[in-house]
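Welcome, and thanks for taking a look at this one. Below is a short tour, moving from the overall picture down to individual residues.

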Amino acid sequence: MRSHALVVAALGCAFLPAQLYQGIDVLLPIRRSTLQGFPNVTWTYHAPFQVNAMAALDDGRTLVIATGAFTTTLHRSVDGGTPGTGLRAGIDVHGLGYGRDALWGFSNFGSPMGIYRIDPSNGNATLAVDTSGPGFRFFGLDYNPIDGLLYGYTEYGNPTGLYSIDPASGVTRFVAPAIPAANTQGRGLAIGNHTVYLTATRGQDGIPVFAWDLRQGANGTWVPFGIPFPTSNATGGSAFAEVRQPDLGYRGEGAVTISCLGGELRTGRAATVRIHSTLANATAWVIGGTSLTPAFVPQLNATVVAPLGSAAPVPLDARGWFELPLQGGGGPATFYLQVIVPDPSTPSTWAVSNAMRVELLP
């Protein structure tokens with residue numbers, strides 16, 4: 001088990017240009033923190049707005065804010081500014097995340113109760129994961145682009161706490177216990193840097209925000225940090241805003257994900273390319289090209305977006321990971337990347353990742 005000090009040090013690493021936003025269901029200014037100096041963070045104030053749930057889009061600037069516990073309206077805010085005219089959602093939304101080109105919202109009053117895929121262009125909702133059986137109410141919900149999973153926090157069902165949810169298969173796994181507080185409510189959940197930020201909404205009771213580093217494994221520690229709304233107890237939402245290079249889909253068998261997160265890839269900015277799997281010390285093959293040429297490959301039972309002849313080997317570490325800092329500039333240029341990894345547990349014996357578009361800017 002990692003010591004508390006080591007966890008704090010890991011969570012305090014360079015977060016800029018990412019931003020953690022939080023709002024509550026009271027007409028108060030939205031709060032934002034860069035998380036510098038973690039756990040002694042500071043909060044800046046933005047537009048006042050009632051927030052029932054919140055998510056951040058891939059551009060690192062746009063927030064989607066849900067209002068209304070029964071009939072929900074989705075609003076967009078840029079950099080925490082005054083939200084624009086709303087769009088009616090097809091369900092009541094009490095937890096919200098964004099990934100795989102969709103909003104993922106938890107419906108508390110839907111039939112059935114569960115996580116729905118919401119089309120951000122028109123608000124239409126389709127059931128993805130039914131949570132009525134175990135009784136999980138994921139009022140805190142977000143998508144993790146590093147491993148391609150949703151994460152939800154529930155105060156209901158058994159056991160309570162943090163769960164991962166595969167939006168494709170519906171498989172739900174327990175990750176961490178409830179926060180160590182007198183009241184274990186957690187209504188805003190945001191994910192960044194492979195870390196879950198649970199914005200517990202009992203600030204008037206002196207209950208802080210908590211962070212769970214997913215690298216810790218099962219025997220980890222919730223780390224408390226600042227209280228953004230010290231005079232209020234109310235439900236709310238949160239979002240972690242950073243630039244994410246677009247996920248194009250095309251996932252195949254197995255569980256491997258490629259992502260590129262951080263800043264815009266322009267001169268003077270940088271991001272991190274990550275390959276995430278559980279295939280310890282395996283060799284990943286990265287295929288890439290400058291044009292999108294999807295083709296189904298029977299041996300992989302999957303569609304790949306670049307020629308297999310372009311594949312280059314990359315060694316994964318003991319976690320099944322690979323990380324590479326990527327400097328911006330030198331563009332405009334576009335690349336398409338996808339990863340395949342030998343995986344004897346799949347029918348094809350290969351794990352095939354999502355495809356990703358990378359945009360280099362001048």
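## Overall picture

The protein holds one helix and 31 strands. Please keep in mind that this is a predicted model. Its average pLDDT is 93, and 95% of the residues score at least 70. The stretch to treat separately is residues 1–16, where pLDDT stays under 50. For that stretch the model has 31 contacts beyond four places in sequence.

Along the principal axes, the C-alpha atoms fill a box of roughly 60 × 45 × 45 Å. The radius of gyration is 20 Å, which agrees with the value near 21 Å for a compact globule of 362 residues. Buried residues account for 53% of the 362 residues. The accessible surface comes to about 14200 Å², and carbon and sulfur atoms contribute 55% of that area. Taking contacts between residues at least 6 apart in sequence, 55% join residues at least 24 apart.

## A four-stranded open sheet

One sheet to pick out is open and built from four strands, in the order β3-β2-β1-β20, with antiparallel pairing. At its edges are β3 (44–49) and β20 (236–241), each of which pairs on one side only. On average, neighbouring strands of this sheet are turned by 25° against each other, direction ignored.

Within this sheet, β2 (residues 28–33) and β3 run antiparallel and are joined by four bridges. If you want a pair of residues to locate there, L28 stands opposite F49 in β3.

## Strand β18 and its partners

How many residues of strand β18 (residues 209–213) are buried? The count is five of its five residues, so the strand is mostly covered, with buried meaning under 20% relative accessible area. In a regular strand the side chains alternate between the two faces of the sheet. Here, V209, A211 and D213 point one way from β18, while F210 and W212 point the other way, and all are buried.

β18 pairs with β17 (residues 195–199) in the antiparallel sense over four bridges. It also runs antiparallel to β19 (residues 223–225), to which three bridges join it. A211 is a handy landmark for both pairings: Y197 stands opposite A211 in β18, and in β19 the bridge partner of A211 is V223.

## The loop between β2 and β3

This loop offers two backbone details worth checking. L35 lies in the loop and has a positive phi near 70°, although L35 is a residue other than glycine. L35 counts as buried because its relative accessibility is 0%. P39 is in the loop between β2 and β3 too, and the peptide bond from F38 to P39 is cis, with omega near 10°.

## Other loop residues to inspect

Another cis peptide bond joins N158 and P159, with omega about -5°. P159 is placed in the loop between β13 (149–154) and β14 (161–165). Y250, in the loop between β22 (247–249) and β23 (257–262), has a positive phi of about 65° although it is not a glycine. Is Y250 buried or partly exposed? Y250 counts as partly exposed, because its relative accessibility is 31%.

V51 sits in the loop between β3 and β4 (53–56), and it counts as buried because its relative accessibility is 0%. Beyond its neighbours within four places in sequence, V51 is in contact with residues including G23, I24, D25, I30, I65 and A66, along with T235, G236 and G237. By contrast, V51 and W222 are 171 residues apart along the chain, with their C-alpha atoms separated by 24 Å.

Note on methods:
Residues numbered from 1 in each chain as written. Predicted model: local features only at pLDDT ≥ 70, side-chain atom pairs only at ≥ 80, totals over all residues. Heavy atoms only, no water. Pairing = 2+ DSSP bridges. Axes fitted to C-alpha atoms, helices over the stretch in contact; angles between N-to-C directions. Buried < 20%, exposed > 50% of the residue type's maximum accessible area, 1.4 Å probe, protein only. Rg over C-alpha atoms; globule rule 2.2 N^0.38 Å. Contact = heavy atoms within 4.5 Å. Areas by Shrake-Rupley, 256 points an atom, 1.4 Å probe, with all protein chains shown as cover. pLDDT = per-residue confidence, 0-100.
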